Every structure is written in C-alpha cells, then in structure tokens.
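Dear colleague,

I am handing over the structure below, together with some notes on what turned up in it. Please keep it open beside this message as you read.

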Amino acid sequence: MKTELHHVDHTWQRETPLRSEYSRRAALVEIDALVAAWLGIDADTLVSMYRARFPIMQDFDKVTWFDANERKIAGDRYTYGHGQEKEHWQQLKAYLQDPANVPVPEGYTPPFCKADRETEMREAHVVFKKRLDDAIARGEWDPVKQEVPKP
C-alpha cells in the first residue's frame, strides 16, 4: 500500500470522512509531519523524536498490518483492528510465512502491508515541506512571524 496523503477539500463531501482504519492512522502520521514541517523540524529529527519518546507506539507498529481494504490486523490486543479476533493474528502470521498453502484470516483481503510509521512520516514530511516552501516563495506565509502576511 503506497502512502498517499488523504485528499480533503474545502467542501464537505461523502468522501471527506476518514472511514478506514488505515486512513485514520495515516491522518495521525500526516498531522505529525505537518506540524514538524511547520515548526521547522526536519524529517530526521521527527523520526528521532518518535524513536526516543514513543516506545509503546513502536511496539504496536511492529505488529500492525493492513489488508487491501485498509482493515487493521494487529498482534497486540490493545491495538486490534475493528472486528479482529485473537486468532486472526496467528492466522495472519501463518499466512505470511506460507501464502500458497495457508488461507488468509476470515474477513481480510490480501495483499497485506506492514505499518511503517518512520517511512510514512518521512514521505508526508517531504510533501508538507514542499507545500510550505512553495507558500513562502509565493509570499503566502511568513516563516519568521509564523503567520500569513498582512496586506
């Protein structure tokens, strides 16, 4: 699954809500990257902050996967996906080791992608940093005052 920023327009539409577990998680990652870019924190520092300050989140991420329909399946009971049952994690592990002979957990759709918050934060940071730099170049943002310039 390729990390893409969720498109949100100024007008509320049926597509606006983040309806999947993957998209809601991606939005949280994007918020971290957006705020970091806004505050002048580079991607390496953002990742270092994640590594240094959020060990429990790292543990959750190590055992978190998403299916083709953006449903979360996780190995930690505190972060199970919606409707996930305990045996689904064991079934996923078996499937990942031998996909030709082991069925996918019931209710899930391959392919599966591994959660990778560090890569996702870096990718989102690139996008938001470019948007910020472009806004500064157009005179739409004052990086010193951290505000929209007054006319």
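**How two helices cross**

The helices α1 and α5 are oblique to each other, a description that follows because angles which are neither roughly parallel, roughly antiparallel nor roughly perpendicular count as oblique. Please bear in mind throughout that this is a predicted model. In general, two packed helices are described by the angle between their axes and the distance between the axes. Here the axes of α1 and α5 cross at roughly 50 degrees and come within 8 Å, and the crossing is right-handed. On the α1 side the residues that take part in the contact include Tyr 22, Val 29, Leu 34 and Trp 38, while those they meet in α5 include Met 121, Ala 124, Phe 128 and Leu 132.

**Aromatic rings**

Tyr 22, one of the α1 residues in that contact, also appears among the ring pairs, for which the count comes to 2 aromatic pairs. In one of these, the ring centres of Tyr 22 and Phe 66 lie 5.1 Å apart with their planes at 80 degrees, so the pair is edge-to-face. Because Tyr 22 belongs to helix α1 (residues 21–39) and Phe 66 to strand β1 (residues 64–66), this pair ties together parts that are 44 residues apart in sequence. Tyr 22 and Phe 66 are both buried.

A further ring, that of Tyr 108, has a charged side chain over its face, since Arg 71 lies there at 4.1 Å from the ring centre.

**Backbone points to look at**

Most residues other than glycine have a negative phi, and most peptide bonds are trans, which is the background for the next three places. Glu 70, although not a glycine, has a positive phi of about 65 degrees; Glu 70 sits in the loop between β1 and β2 (72–74), and with a relative accessibility of 26% it counts as partly exposed.

Gln 146 likewise is not a glycine and has a positive phi, in this case of about 55 degrees. Gln 146 is located in the segment after α5 (117–137), and at 33% relative accessibility it too counts as partly exposed.

Finally, the peptide bond that runs from Pro 110 to Pro 111 is cis, with omega near 0 degrees, and Pro 111 belongs to the loop between α4 (86–97) and β3 (113–114).

With best wishes

Conventions
Residues numbered from 1 in each chain as written. Predicted model: local features only at pLDDT ≥ 70, side-chain atom pairs only at ≥ 80, totals over all residues. Heavy atoms only, no water. Phe/Tyr/Trp six-rings, centres within 6.5 Å; stacked < 30°, edge-to-face > 60°. Helix = DSSP H or I, 4+ residues; strand = E, 2+ residues; numbered from the N terminus. Buried < 20%, exposed > 50% of the residue type's maximum accessible area, 1.4 Å probe, protein only. Lys NZ or Arg CZ within 6 Å of the ring centre and 35° of its normal. Axes fitted to C-alpha atoms, helices over the stretch in contact; angles between N-to-C directions. Parallel < 35°, antiparallel > 145°, perpendicular 65-115°, else oblique. Left-handed = near helix turned anticlockwise from the far one by under 90°. Contact = heavy atoms within 4.5 Å.
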